[in-house]
Structures are given as structure tokens and as C-alpha cells.
Amino acid sequence: MTAKPKVWVARPLFPDVLARLAEYFDVQAEAVEHKHTAAELREKLAHVDGALLGLSDRIDAEVLEGNHRLKVVANLGVGYNNLDLDAISKAGVLACNTPDVLTESVADYAWALMLAAARRVGAAERWLRAGHWAGSRMRFDDWLGVDVHGRTLGILGMGRIGQAIARRACGFDMRVIYHNRSRLPETVERECRATLVSKPELLRQADHLVLVLPFTAANRHAIGAEELAQMKSSAVLVNIARGGIVDDAALAVALRDGKLAAAGLDVFEGEPAVHPDLLGLDNVVLSPHIASASEDTRRSMARMAADNVIAALGYGEAAGKPLTPLNPAVMSHWATRKA
């Protein structure tokens, strides 16, 4: 009997998804969360045909050197800055991600952060839990936040998630402006009630600025001290994109000095480490990269990653046609790869 292909799952996953993979493969799944070193990744991937990876699993030329067995890696996320696509493609490995299925949940969470930061929910809850309300009489002008309704929402990066955020603004009667590498089709602009502006205009006009950019070398510190200085001192900044897009040190200074009213952050430069100056501020809401963390969405992401691996390795109804390949051209070269 021919042995089943082997698949490694780099982080704990839903049992039903593992069971689906086990229909086709010999599955080796990690039982606990663990940040793998390059050496550990190299060892794990050397003995499998496919892998489901977390965003902390960095796959590059060093990890793939000499690997002639691996055919597919599937990221459990829409972002893939942990994947060196050039090196992966050169090694003849297919890479996949999980777009679309998390769009609405992430858009919901962007609004949760925006509202929480604008209305000082985090600081107020900490104050209440510490027992201060019971021991004091609140003034009429205590805990004043920033309104969201009727204000100007700015979106930097107007892909699927940015558009979903914009659509939600209609219920808050907000003016929506955006900056993007290219203008959206007029039909999409009308649906989102959004107007394209330059980046300087976006920074100057936005009362609430949401970042939805992919992380690239060009986008590193797209919001730094210079950009923060152009924003209103009453503005709220929300980052649900990727750590490193914001200069966290510069942001902490702006928040501390009153140059910015508040911020809501789900991602951080160098995460899971968080810049210590942010931790001491009451006008920033911090969360541990959980914008997609609803049960339905995380299950959908896991199923999509599994389906990509199943299809890429030639099984299931979509055999040979993975749903969301990042470098599909490598599949045409598999027949010539070394055994």
C-alpha cells in the first residue's frame, strides 16, 4: 500500500479540520502554540509534503535549502509577510493564504477598536474595576471622549477590508475619504460613499484614521512622526493591518504629548512585544492581534488553509486547483522537480 503524503500543522487547530486533513494525509499536528526557530522549521518541513503555518513561522531560503519534498505551505491568515515568496517559488513550493473569509470580522473589529478608543472604554473600565467609581463622585465633564457619528472617516488602504469598513460608516452618517495605490471603480466608490484623496489630505482631514495596508518594505513606518504631525490633535488612529506600518515609538510620543487624541491597536512592531511607552498610556486601546478571532471566521480560515493543501497535493473535489495560491506558476514545474 502506498504511504499517505505527510502534512505538518504548525499550531493547534480545530479537531474537525484535522480530521478532514487525516482523510488524505498522515497528519502531524502541534498540540501547543510554539514559535518555531528556523532550525526547527527546516527539520519539520524536510519530512513533509505540505504544511499549515502560523504568521510567526518565517519561511525563507535558509529554511527551504535542500528541501526537494515540500510542495505546499498554507498560511493561516490573509497576510503573508512571513513568507519569502521569491525563495519559496525558487524552491518550487506553492504558497497559499486565506483572503476574503475574514474580511467582515476584521472590519467589525476595526469599528470596535475605533469606538473603544474614541470613547475611552478601556481606561474607563480599568478605573471602574480599580474601585474608583465607588469612592468618588464623577464630574459632569469626566471621561469625555470623541464622537464617531457625523465625523470624517479616513481609510489608508482600500482593499476588501477597507471597503467593508467604509460600508459600515453609512450607519454612523460619516463622510468617508480614502487613499490607495489606485482609485476604486466608480461603482465601488458609490457603494462605499468614499472619495479618493491624497495621503496628506487624508491625514489632515480624518477624524478617525484606519490603517488597512499590507506590510511591505515601502509601507514600513507609513505612519511616522511626520505623518502624525499632520493629523488633528483630536483624531483617533486605528491599526488593524500589520505591525511596522506605524512607528510605535513616534505614536507613543504623539499620544503622550496630546498631539493625537487616542489610538486603537491590534498589531505591533516586533509583536508579541509591545513598545513599553504604549503600555503606560491610558489613551490607547491595545489588543493581541485578534481582529479575525471570531469562532466562525477562524474556522473558515482553517478550513480554507486545509482545502488549499488538499487540492494542491491532488486530492478532493478541487484536486490540482487550490483556492487561493500566491504563486500558482510553480505548479507547472512540479513534474520536473527532483524526487
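Here are four short exercises, with worked solutions, on a predicted model.

**Exercise 1. How do helix 1 and helix 13 pack, and which residues make the contact?**

Start with the geometry: helix 1 covers residues 15-22, and its axis sits 10 Å from that of helix 13, at an angle of about 10 degrees. Next, apply the cut-off: angles under 35 degrees count as roughly parallel. The two helices are therefore roughly parallel to each other. Now pick out the contact residues. Helix 1 brings D16, V17, R20 and L21, while helix 13 brings R299, A302, R303, A306, D307 and I310. Finally, sort them by character: five are nonpolar, five are charged and none is polar.

**Exercise 2. Work out the strand order of the five-stranded open sheet, and find which strands stand at the edges.**

Take the order to begin with: it reads 2-1-3-4-5, with parallel pairing. Strand 2 (26-29) and strand 5 (94-96) have a single partner strand each, so they are the edges, and one side of each lacks a neighbour in the sheet. From one strand to the next, the twist averages 15 degrees. Zoom in on one pair: strand 1 (residues 6-9) and strand 3 (residues 50-53) are parallel and share three bridges. There, W8 lies opposite A51 of strand 3. Then add the helix. Helix 1 packs on this sheet and touches strand 1, strand 2 and strand 3, and its direction makes about 150 degrees with that of strand 2.

**Exercise 3. Describe the surroundings of strand 11, from its pairing to its two faces.**

Go through the partners one by one. Strand 10 (residues 236-239) pairs with strand 11 in the parallel sense over four bridges, and V238 has G264 as its bridge partner. Strand 12 also runs parallel to strand 11, with three bridges joining the two; here L265 is matched with L286. Now follow the chain connection: strand 10, helix 11 (residues 248-256) and strand 11 build a right-handed β-α-β unit. Last, check the faces of strand 11 (residues 262-265). A262 and G264 are buried on one side, A263 and L265 on the other, leaving both faces covered.

**Exercise 4. Where is A293, and is it buried, partly exposed or exposed?**

Locate A293 first: it's in the loop that links strand 12 (284-286) to helix 13 (295-312). Then look at accessibility, where partly exposed runs between the 20% and 50% cut-offs. The relative accessible area of A293 is 45%, so this residue is partly exposed. One more step, across the sequence: Y109 is 184 residues away along the chain, yet the C-alpha atoms of A293 and Y109 are 9.1 Å apart.

Note on methods: Residues are numbered from 1 along each chain as its sequence is written. This is a predicted model: local features need pLDDT of at least 70, side-chain atom pairs count only at pLDDT 80 or more; totals for chains, interfaces and linings use all residues. Side-chain values use heavy atoms; hydrogens and water are left out. Buried means under 20% relative accessible area, exposed over 50%, partly exposed in between (1.4 Å probe, protein chains only). Axes are lines fitted to C-alpha atoms, for helices over the stretch in contact, and angles run from 0 to 180 degrees between N-to-C directions. Angles under 35 degrees count as roughly parallel, over 145 as roughly antiparallel, 65 to 115 as roughly perpendicular and the rest as oblique. Contact means heavy atoms within 4.5 Å. Ala, Val, Leu, Ile, Met, Phe, Trp, Tyr, Cys and Pro count as nonpolar, Asp, Glu, Lys and Arg as charged, and the others, Gly among them, as polar. Two strands pair if DSSP finds at least two bridges between them. A crossover is right-handed if, with the strands pointing away from the viewer, the path from the first strand over the helix to the second runs clockwise.
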